[in-house]
Structures are given as C-alpha cells and as structure tokens.
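Here is a friendly walk through the model you have open, written for someone who thinks at the bench. Keep the structure in view and follow along from residue to residue.

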Amino acid sequence: MSDTPFGFGLPPEEPEDGDEGKKKDQQSGGGQGPANPFGFGGMPGAGGFGGPGADNPLAAMFGSLNPTDLGAAFQQLGQMLSYEGGPVNWDMAKQIARQTVAQGTADGSKDASVGPSERKAVEEAVRLADLWLDDATSLPSGSASAVAWSRAEWVEATLPAWRELVDPVAERVGAAMGDVLPEEMQAMAGPLIGMMRSMGGAMFGTQIGQAVGVLAGEVVGSTDIGLPLGPARKAALLPANVEAFGKDLGVPLEEVRLYLALREAAHQRLFAHVPWLRSHLFGAVDGYARGIKVDTAKLEDVVGQFDPQNPEQLQDALQQGMFQPEDTPEQKAALARLETALALVEGWVDAVVHAAAKPRLSSADALRETLRRRRATGGPAEQTFATLIGLELRPRRLRDASRLWASLTDARGVDGRDALWHHPDMLPTATDLDDPDGFVHREQMDFSELDKLLGEAADKPNLKKDDEKDDKAEGDDTE
C-alpha cells in the first residue's frame, strides 16, 4: 500500500523566460527534485516554482510569479474553485499532463512528433509480431491497426481509461467531504462544501496529471501495466521511449522494437478475445474504491477550522494523509483478485512472447530478463498504480504465473492452455500460483472427467431417440 495514495503535487510549467528562468529557479533552490511523481513538490520540474513555498503548491504558485502573471494565476484559481464536474477535474489533469510531457524527462529527453519513417517501422513491427504470435497462441490477432504515438498522444489516448480507473476512488473520497457535517448543517454549509469539493477535484486532477505526464515519458506502449489503457484493438508503441529503453542494452533497435511489438500485440489478442477480462480488472478497482474509509475525525477538524481565504489549508490537510485508505477485508479481497488477474495476464504474455521470440531473436532472453527486472524495480508504472488505487503488483507473482502458463503449454498444448481464458472461474488462483505443477496436474484430470461427462450427456438424447425408434419398429412388426 502506498504511503501517500492521495498526495497532490504542483503542476509543472516551463519558465516564461527560458534558460534565464531556469537559472533563477536553480538559484532560488527550486531545481530538479527527486524523481518521485507522487509526493509534494517532488516531481521533476515541480521545484520550478522554487523558493520557500516550494512545499506548498498554492503558496509556491503565487509566491514565485511576477506581477504580470498574477492575473493568469488568479484565473486558474478561479477555475479550480468554480469547477462543478465529477470527483476529478480532468481538464486540469489533461493540462498538467501535457505540461509535464512538454517539460521532458529527468534525463533531458523531449517529446517530439512521430515521423513517417517511425510510423512505418512500428506498423511493420506489429505486422511481423502478429505473424510470429500465430504459432504461439490460439487467440487470433487483436490489432485492427498499429499506431506510433508521441508522449502527448499517449496522454490523450489513455486519459479515458485513467478516468474509469480513478473516478471511483476519487468519488468515494469526495463524498466524504460532505458527509462529515451533521445533516442539519449541510444546507447552511453548502457553499463551503462546494468549494472544498472543487478544490478536491482540482487536487486530484493535479496529482493524476502529474503521474500520467511522468508515465508518458517511460511507457513503451498502451499496455505496460497489464491493463488496456488505449483504444480497443489499436496496438501502439512510442518510438522515442522504445529507443530510450534499448539505448544501453547493446541490442539493435529493430530487435528491441520487434520484441516490444510482440508484447503489445499479445496483450491486444488477450483483451480482444477474452471479453470479460477488462471488466473483471476494472471491476476489482471499483470494488476497492467502495471499501475506502476516510479519517472522518481529521476531516471534521479541517471542516470546522477551514478558512475560505486560506485554501492552501485544505492542501496541507491532504498532505498529512487525511484520505489514506484503510485495509478493510473488502479492499484486501478486491486487491487480491486484481493482483492475481494482472499476474496471470502478464505471465501469459511473458510466456507467449518468449515462445514466439526465442527461436527467432538472439536477444530474446536478454530482453525478457530486462523487462522482468524493470517490473521488479517498481518503475513509474507500478508506482502510479500503487498511488492511485493502492495496488503493488509483486514481481514474484509474474514469474510464477509465467512458469504456470509454460507448464500448461507443455502438458495440454497451446489450445488447452488458452482455453482457460474462456471463463474467470477456470483461471488459476493465487494459491495455484504457489504450486503451478499441482494446478496443471489437477486441472488436466478435472477437464478429462468434465469432457467425459459432457460427452455422455450429449449422447443421451441420441440414445433415447434410437431407443424410441427401436420401440416403434418393434410395434410396427407386431402389428
């Protein structure tokens, strides 16, 4: 569980006066902070507001602006307070994500439009990947098209999925803002509660925008965290991030691109041809959100002392973990389902891609291990997911799941292995991941018995019809 699942940070912005602004910022102590997109002021570039107020986004926002920018700052604050949408200000999230992308990554890499040659290379890689996967899985191609995205395009394409994931959590937290007051006081405090909810929506939007913007500089496709974040049946790669991923591996870029295309295309096959899988995963997130408990005592104190002329007070309260969720049995069960399902998805993709790449790519083993280590170190993708919904996907589960799928392939073949995706009740459980060989052996026996029973049931109507025909024939002979 993340220590700061609902922390909010400051939207990053480029200095108005270019390099000079950066120099001033560094002199004021607001240079690059630690690469932590989930705390306060820790985002790359968040320190750009600098100065003594750098730990407080609102204070920093006003304290570092020159007089000519104050009008724009007050306009932004007015938009925050006048927001009347859902639990998250997604317009603000999108704006901040785009600003974060424009600022570039911590290593200085900037976003750029994708050229025709890069688009063609991605299309060819996905086309070849689909051909290779035909031998490794019984699931047909799930990619109706292949696209090459810039980081900004990734933000635009994935925000709808982030909205579906995050809104249930934010809605539960936002509702708590109005629930802490006695019912007879809620009508009187309507404007205050509305202001707090608007601020809460803006703060969620700020945090999510920062997280998504940082992720855009790291991900290589639309399925990096095991969830379908992009549009259905659209395999996507980010050429700039693919190149950065393979930079120090000593592997030709063409092989890196093709291996990552295999992973993207394998995910697309799974989500396209297992219709219940997406709703199963997103439903587990919603189940987690329904179990969120809010520290109402702390919230009551904040509401009682809240000063509308001092809006950063609410920011300070959020900073202290007022909305940190509790580990209720319902949440633990939902997260266990989600962890297991994501491990099975990633394990299946790992096994299928390895089977397709091993005979054809000399670098298959090295690339596989690099990706496994990348997940094991808990990169921005895992950190973002843990921050937004409290999930930490254990790398050990991924390796166990991959071994289980490989064992199933050996024991039952590709068709028998992939048949387990027909229904969620047929999939291995978390306990089965601890004993993959036991699951393979047990399931093989169970399916044999099931096939026998189904075969006998199918034959019974035919036997009955044959008996009726024989009886009728005997009756005709008697006559």
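## A look around the chain

Valine 166 lies in helix H6; helices here (H or I, at least four residues) and strands (E, at least two) are DSSP runs, numbered from the N terminus. This is a predicted model, in which local features need pLDDT of at least 70 and side-chain atom pairs count only at pLDDT 80 or more, while totals for chains, interfaces and linings use all residues. Residues are numbered from 1 along each chain as its sequence is written, and side-chain values use heavy atoms, with hydrogens and water left out.

Valine 166 has 3% relative accessibility, so it counts as buried. Buried means under 20% relative accessible area, exposed means over 50%, and partly exposed lies in between (1.4 Å probe, protein chains only). The C-alpha atoms of valine 166 and isoleucine 208 are 8.6 Å apart in space, although 42 residues separate the two in sequence.

Stepping back, the protein chain contains 19 helices and 2 strands. Of its 479 residues, 50% are buried. Contact means heavy atoms within 4.5 Å. Among contacts between residues at least 6 apart in sequence, 79% join residues at least 24 apart.

### Two helices of interest, and a crossing

Helix H11 (residues 277-290) has 14 residues, and the distance from its first C-alpha to its last is 20 Å, close to the 20 Å expected at 1.5 Å a residue. The expected span is 1.5 Å times one less than the number of residues. Buried residues of H11 include Leu277, Leu281, Phe282 and Val285.

Helix H14 can be checked the same way: its 29 residues should span 42 Å at 1.5 Å a residue, and its end C-alpha atoms, 41 Å apart, agree with that. Because 22 of those 29 residues are buried, H14 is largely enclosed by the rest of the structure.

How do two packed helices get described? The angle between their axes and the distance between the axes do the job. The axes of H5 (residues 116-133) and H10 (residues 253-273) come within 8 Å and cross at roughly 60 degrees. Axes are lines fitted to C-alpha atoms, for helices over the stretch in contact, and angles run from 0 to 180 degrees between N-to-C directions. The crossing of H5 with H10 is right-handed, meaning that the near helix is turned clockwise from the far one by less than a right angle (anticlockwise would be left-handed). On the H5 side the contact includes Ala121, Val122 and Trp132, and on the H10 side Arg257, Leu258 and Arg269 are among the residues met. The contact residues divide into 13 nonpolar, no polar and 3 charged. Here Ala, Val, Leu, Ile, Met, Phe, Trp, Tyr, Cys and Pro count as nonpolar, Asp, Glu, Lys and Arg as charged, and the others, Gly among them, as polar.

### Salt bridges

The structure holds 20 salt bridges, each a side-chain nitrogen of Lys or Arg within 4 Å of a carboxyl oxygen of Asp or Glu. Three of them are listed here.

| Pair | N to O distance |
|---|---|
| Aspartate 134 and arginine 269 | 2.8 Å |
| Arginine 163 and aspartate 167 | 3.6 Å |
| Aspartate 350 and arginine 368 | 2.7 Å |

Aspartate 134 sits in the loop between H5 and strand S1 (145-148), and arginine 269 in helix H10, 135 residues apart. Aspartate 134 is partly exposed at 44% relative accessibility, whereas arginine 269 is buried at 0%.

Arginine 163 and aspartate 167 are 4 residues apart in helix H6 (residues 151-179), so about one helical turn separates them. Arginine 163 is partly exposed at 42%, while aspartate 167 is buried at 17%.

Aspartate 350 and arginine 368 are both buried. In addition, Lys94, Arg98 and Glu156 are linked in a network of salt bridges.

### Two more stops

Aspartate 437 is in helix H19 (residues 436-478) and is partly exposed, with a relative accessible area of 47%. Leaving out residues up to four places away in sequence, aspartate 437 touches Arg403 and Ser407.

Arginine 233 lies in the loop between helix H8 (190-216) and strand S2 (234-237). Its phi is near 60 degrees, a positive value in a residue other than glycine. Most residues other than glycine have a negative phi. Arginine 233 is partly exposed at 36% relative accessibility.
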